[in-house]
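Hi,

Here's the structure I promised to pass on. Have a look at it first, then read my notes below.

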Amino acid sequence: MSSRRSRSSRQSSGVSRISEDQINDLVIRLQQLLPELRNTNNRTSDKVSASRVLQETCNYIKSLHREVDDLSERLTELLSTSDTSNAQAAIIRSLLM
Amino acid sequence: MMNQQSIRNSSSRKTQFAIRFLRALTRIKMATPIVSSVQSRKKCSRRIKRAADTSMAATIGSRRSWGRAILLKHRKQVRNRVLMRQKVVGDNNKGNKTRKIKVVNKEEKQINKARKIDSSKGVQGSVNRANKLRKLVPGGDAMDFCSLLEETAHYIKSLNTQVQLMQKIADIYET
């Protein structure tokens, strides 16, 4: 309980003691979120460098931003063409299932 | 148990995001009944994008600095828009206006200061890449390296959810 508290307070205070292990853990956690590098983990356990992970992270965020842009354009089209008022209930229902 | 809790959190977060975003979409639709020109179409899709970003940030709440950064930026934009409108109307509360601009400058200065302190730390070789990452993660400018990594992981997850839900909403609209 207290450990969780201290974790969150470390993160909010700008000054944190950075240890090598801590950074490695964070880099691995980040790596597991990247579709490009998620699977390379098993074969070559520690061959992916931190800088490669950072690079791929940048690329991935950029691609997600592009997807948001594309979807916004698509939604613009749909807002002007289709009747969206009936769809709201369907969306909420599909999320709750 | 921890895992169960996080699953429940994520599904309620999805619903919260969807409700916020759909409300914003309805508002946008009311404001722009017929999207005709290329320009107004672009403006509309920018509004939708902003609505999606702020809906996600509001759902996350103030627990994360990237969420706070998005909301702060959004509030600034709204404030600026209000100021612009006041300027157009041409009323004479000039003192009020300059005070608000000063506040904005102060915030920017603090961010720059934080960045300067941080540049002395960091892992060799990765510093350049980390700086690129700072530009992509909202509020990344003011984070130390560890928080940057932590916030990035969380930001990626949320962005992923955002994309999935926008996709789902678009698919349902289309049918």
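Let's start with one pair of helices. In α4(A), the residues T57(A), Y60(A), I61(A), L64(A), E67(A), V68(A), L71(A), R74(A), L75(A) and L78(A) meet a set from α6(B), namely T152(B), I156(B), L159(B), N160(B), Q162(B), V163(B), M166(B), Q167(B), A170(B), Y173(B) and E174(B). Sorted by class, the residues of this contact come out as 13 nonpolar, five polar and three charged.

How do the two helices lie? Helix α4 of chain A covers residues 50–81 and helix α6 of chain B covers residues 145–174; their axes come within 10 Å and cross at roughly 25°. Angles under 35 degrees count as roughly parallel, so α4(A) is roughly parallel to α6(B). The crossing of α4(A) past α6(B) is left-handed.

Now for the whole contact between the chains: chain B puts in 47 residues and chain A 43. On the side of chain B that touches chain A, at least two residues each come from α1 (2–31), α2 (38–60), α5 (127–136) and α6. The largest share there is from α6(B), with 21 residues. That side of chain B has 26 nonpolar, nine polar and twelve charged residues.

One caution: this is a predicted model. Chain A has a mean pLDDT of 76, with 67% of its residues at 70 or more. Among the elements of chain A, α4(A) has the highest mean pLDDT (92), while helix α1 (residues 2–12) has the lowest (46). Over residues 1–16 of chain A, pLDDT stays under 50. Where pLDDT is low, don't read the predicted coordinates in detail.

Cheers

Terms used. Residues numbered from 1 in each chain as written. Chains lettered and ligands numbered in written order. Predicted model: local features only at pLDDT ≥ 70, side-chain atom pairs only at ≥ 80, totals over all residues. Axes fitted to C-alpha atoms, helices over the stretch in contact; angles between N-to-C directions. Helix = DSSP H or I, 4+ residues; strand = E, 2+ residues; numbered from the N terminus. Parallel < 35°, antiparallel > 145°, perpendicular 65-115°, else oblique. Left-handed = near helix turned anticlockwise from the far one by under 90°. Contact = placed C-beta atoms within 7 Å. Nonpolar A, V, L, I, M, F, W, Y, C, P; charged D, E, K, R; others polar. pLDDT = per-residue confidence, 0-100.
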